[in-house]
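Notebook open, and today's topic is aromatic rings. I want to see which rings pair up and where charges sit over them.

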Amino acid sequence: MKSDLYRKTKKDLPVPPNLGDYEELRKSFSWKTAEKELAWFEGKINAAYNAVDRHVETWRKNKVALYWEDEEGRKQQYTFEELARRSNQFGNYLKDLGVARGDRVFLFLPRIPELYIAFLGILKIGAIAGTLFSAFQEQALSDRLGNSGASVVVTHSSLLPRIEKVRHKLPELHHVLVVDHEAFAKELSKKDEELHIVHMDPGDYAFMLYTSGTTGKPKGVMHTHRAVVQEYETARWVLDLRDEDTYWCTADPGWVTGIAYEILGSWTAGVSALVYAGRFDPKRWYKLLEDYKISVWYTAPTAVRMLMAAGGALVRGYDLSHLRHMCSVGEPLNPEAIVWAVRTFGRPFHDTWWQTETGAICIANYPAMDIKIGSMGKPIPGLDAAIVDDSGHVLPPGTEGNIALKPGWPSMMKTIWKRPHKYESYFSGGYYISGDRGLMDRDGYFWFIGRADDVIKTSGERVGPFEVESALVAHPAVIEAGVIGKPDSLRGEIIKAFVVLTKEESDKVKVKAYAEKLKEELASHVKKHLAGHAYPREIEFIDKLPKTRSGKIMRRILKAREMGLPIGDTSTLEEY
Ligand code: WT7
């Protein structure tokens, strides 16, 4: 693979990185030894204990763990000790409600400190934490809460109406806690600040996240307490976190990045972290980088592209001299974004690759390693990645195939909730098949090519076409819908829907103004029922969807047509 090389010099490494020699560590590394860096209780572990309480026994006790700021500029901060005590109280509250080990407790909260406190409290009592992105609407909520059988939802008064709307569909949901209701806050503050933190088997569940595939409802990806081992190591090797840092991860804990690198991995590394509870805004972001003297920054390519669009000149008004290291995840990081970052911040973004299912960073660019611009870097020590064909046979360097991982890394999902067969379908020939296509070059660098399936990545967020199609079909004007990701220079992809209307409506949309109005209505219908971020930005009415003879929508053909590409193999296609 031909590409430009970004050579690391002394300027890139003002302090020696945590991972000095990648090749050397890869050779000598074992997870068994790495595990010793964490706190264990005779073979048992608790991820939340490692993230917070462990530090309370050290000089980090009074170190700020969480700097919090919202859009209005309100600020709060919590030391490690304060987080430990508050989460203990939360754990006690849940225990007194009768929440037991293995019960599912879901968080439907904006990015407020209570979200982080509650998450830790849930793990401490051995319950399973589930996070729900605050943009989720009725359908997304009832699918996830119903499938998980959550007995408790922790929410905020601003989001409560959505939970109330779906509550009648959720017989297993016994308690809805509203963190900003005075009665709740008062009760909570009375709880004991001491808590017996449950010692878990490393393979016991700690948290779960719903994620989308091509077909069917979102699936519950189960993660264990052991995941913290890899989340911690990668926070050190890849994010290069250390005690002097103030670190900012821009992700929401509704997604895995916000759990692994805003709570578990980063706090286990003992770092002070900023959480900004506000929308994207270039000036505000630069101001936060300046105000908090952020030294390590983990964000997403869409955000970088939006900063690029706002112009590099804007940066000059801010003192960003504390920035030492920058990483991104979630979608391909354009080479131009790296070049722009070097010009603008004097340093590159380091691309990292992983998935909800992998639980932590798996392939990455490291501070001490030269960057082949456009590549995702190399697999982390302790993990073997390969490019394999569909039966799991390893392909030679330079060949396109499936990006695959050798199972056994500590943060690998343990199963799919209630769907063991779905879990098994991820594996082939002794490999975990990621669903991404890519290649490995002769130097061992991995390159992303695209998804092997129809999963959409819009602004870095994973959206299943089936969920959007189902939401569209629930509208009375719609008979059928096929949904694809359409390449977009800012958002990576946007959601495009091809919609077949009822006979009556298809007559009406011959009038352009009516058609436009209906498109708007359909988009807002999806926003209202599924999620604010998962609606189609483009809608096209068509007479008939391409389908296989067995009736499956062939999104691949919709996409090829949209992009003016050859349609490819149509042997299974029904007459079209
Ligand atoms: C999918 C996983 C894990 C953090 C957030 C995403 C895409 C992820 C990269 C990258 C190109 C990437 C893949 C992957 N993706 N990182 N560096 N370059 N694509 O988690 O929502 O489970 O999505 O995001 O397609 O399979 P996720």
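**Aromatic rings**

Started with the cluster: W248, F280, W285, Y286, W297, Y318, W340, F345 and F349 form one aromatic cluster. Note to self: this is a predicted model.

Next I searched the whole structure for ring pairs and got 31 aromatic pairs. I picked two to look at by centre distance and plane angle, since that is how a pair of aromatic rings is described.

Pair one is F133 with W255. Their ring centres are 4.9 Å apart and the planes sit at 50 degrees, so I logged the pair as tilted. Where do F133 and W255 lie? I found F133 in the loop between β5 (128-132) and α6 (138-148), and W255 in the loop between β10 (246-249) and α10 (256-268), so the pair ties together parts 122 residues apart in sequence. Buried or exposed, F133 and W255? Both came out buried.

Pair two is W248 with W297, two members of the cluster I began with. Here the centres are 6.3 Å apart and the planes are at 10 degrees, so this pair goes down as stacked. W248 is in strand β10 and W297 in strand β12 (residues 296-299), so the contact ties together parts 49 residues apart in sequence. I checked burial again: W248 is buried, and W297 is too.

Last, charges over rings. I saw R144 over the face of F136, 4.3 Å from the ring centre. I also noted K527, whose charged end sits over the ring of Y535 at 4.3 Å from its centre.

Definitions and conventions. Residues are numbered from 1 along each chain as its sequence is written. This is a predicted model: local features need pLDDT of at least 70, side-chain atom pairs count only at pLDDT 80 or more; totals for chains, interfaces and linings use all residues. Side-chain values use heavy atoms; hydrogens and water are left out. Rings of Phe, Tyr and Trp (its six-membered ring) pair if their centres lie within 6.5 Å; planes under 30 degrees apart count as stacked, over 60 as edge-to-face and the rest as tilted. Helices (H or I, at least four residues) and strands (E, at least two) are DSSP runs, numbered from the N terminus. Buried means under 20% relative accessible area, exposed over 50%, partly exposed in between (1.4 Å probe, protein chains only). A charge sits over a ring if NZ of Lys or CZ of Arg is within 6 Å of the ring centre and within 35 degrees of the ring normal.
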